[in-house]
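Hello,

Here is the structure I promised to pass on. My notes follow below it.

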Amino acid sequence: MADHICPWWLGYLLVSPLRRLLENPEKLLSPFVRQGMTVVDYGCAMGFFTLPMARMVGSNGKVIAVDIQEKMLIRLRQRAERTGLLDRIQPARPEDVGKLKDGVVDFGAAIHVVHELSEPKTFFLDMRRVLKPGGKLLVVEPSFHVSRADFEESIKCAVTAGFTPTIDAVTAGRAQVLQ
Ligand SMILES: C[S@@+](CC[C@H](N)C(=O)[O-])C[C@H]1O[C@@H](n2cnc3c(N)ncnc32)[C@H](O)[C@@H]1O
């Protein structure tokens with residue numbers, strides 16, 4: 001069970017432009033995100049991946065950006081407003097995912113967040129339910145922080161919730177695409 005949540009002030013570091021040298025959102029997400037899609041960015045913080053995803057889904061798509069910390073969502077909203085992307089971004093709380101209808105989401109991203117979840121099984125069950133048939137969930141965890149054994153435990157948890165690991169190649173820390 002997770003006992004640590006990323007402090008809100010670290011959110012400012014996570015959106016540093018320098019981070020793009022190590023993790024390029026477009027490179028990571030372009031195999032999955034298309035114009036017009038509805039996508040979930042779970043554990044979005046201040047939107048390092050959310051804003052690029054909003055550009056990728058275009059004006060007829062939507063990013064449901066989920067975080068448990070209000071301060072993260074407030075700053076995300078400000079950044080989205082400033083970049084003219086707020087109309088495609090829906091800031092949301094974890095409980096809002098449980099309220100989504102079945103099969104309405106094309107793609108989900110859970111980047112550097114699964115190790116922080118107190119109830120990963122509930123998360124995977126919710127995501128499985130809201131994804132369309134064939135919809136994918138990308139899980140990425142930081143290798144410096146999450147052991148291979150712990151990562152494999154998370155993937156096992158996803159499998160018990162109904163996901164199947166796919167062989168899509170992802171060039172990021174500990175990463176797995178689930179379908
Ligand atoms: C390490 S940060 C990663 C943020 C972002 N995905 C990125 O890579 O820049 C993890 C984020 O997940 C959020 N988080 C932690 N537990 C959560 C939960 N149960 N539901 C939704 N978000 C959660 C934290 O508030 C934090 O903003």
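**What I found**

Around the ligand there are 19 residues, and the closest are Cys6, Gly43, Ala45, Ile68 and Pro94 (a residue counts as near if its C-beta atom, placed from the backbone, lies within 6 Å). That shell divides into 14 nonpolar, three polar and two charged residues (Ala, Val, Leu, Ile, Met, Phe, Trp, Tyr, Cys and Pro are nonpolar, Asp, Glu, Lys and Arg charged, and the others, Gly among them, polar).

Please keep in mind that this is a predicted model: local features need pLDDT of at least 70, side-chain atom pairs count only at pLDDT 80 or more, and totals for chains, interfaces and linings use all residues. Residues are numbered from 1 along each chain as its sequence is written.

Now the sheet: six strands form an open one with mixed pairing, in the order 3-2-1-4-5-6 (strands are DSSP runs of E, at least two residues, and helices runs of H or I, at least four, numbered from the N terminus; two strands pair if DSSP finds at least two bridges between them). Strand 3 (89-92) and strand 6 (174-178) are at the edges with a single partner strand each, so one side of each has no neighbour in the sheet. From one strand to the next, the twist averages 15° (axes are lines fitted to C-alpha atoms, for helices over the stretch in contact, with angles from 0 to 180 degrees between N-to-C directions).

Strand 4 (residues 105-111) and strand 5 (residues 131-141) run parallel, joined by six bridges. Gly108 stands opposite Leu137 in strand 5.

Best wishes
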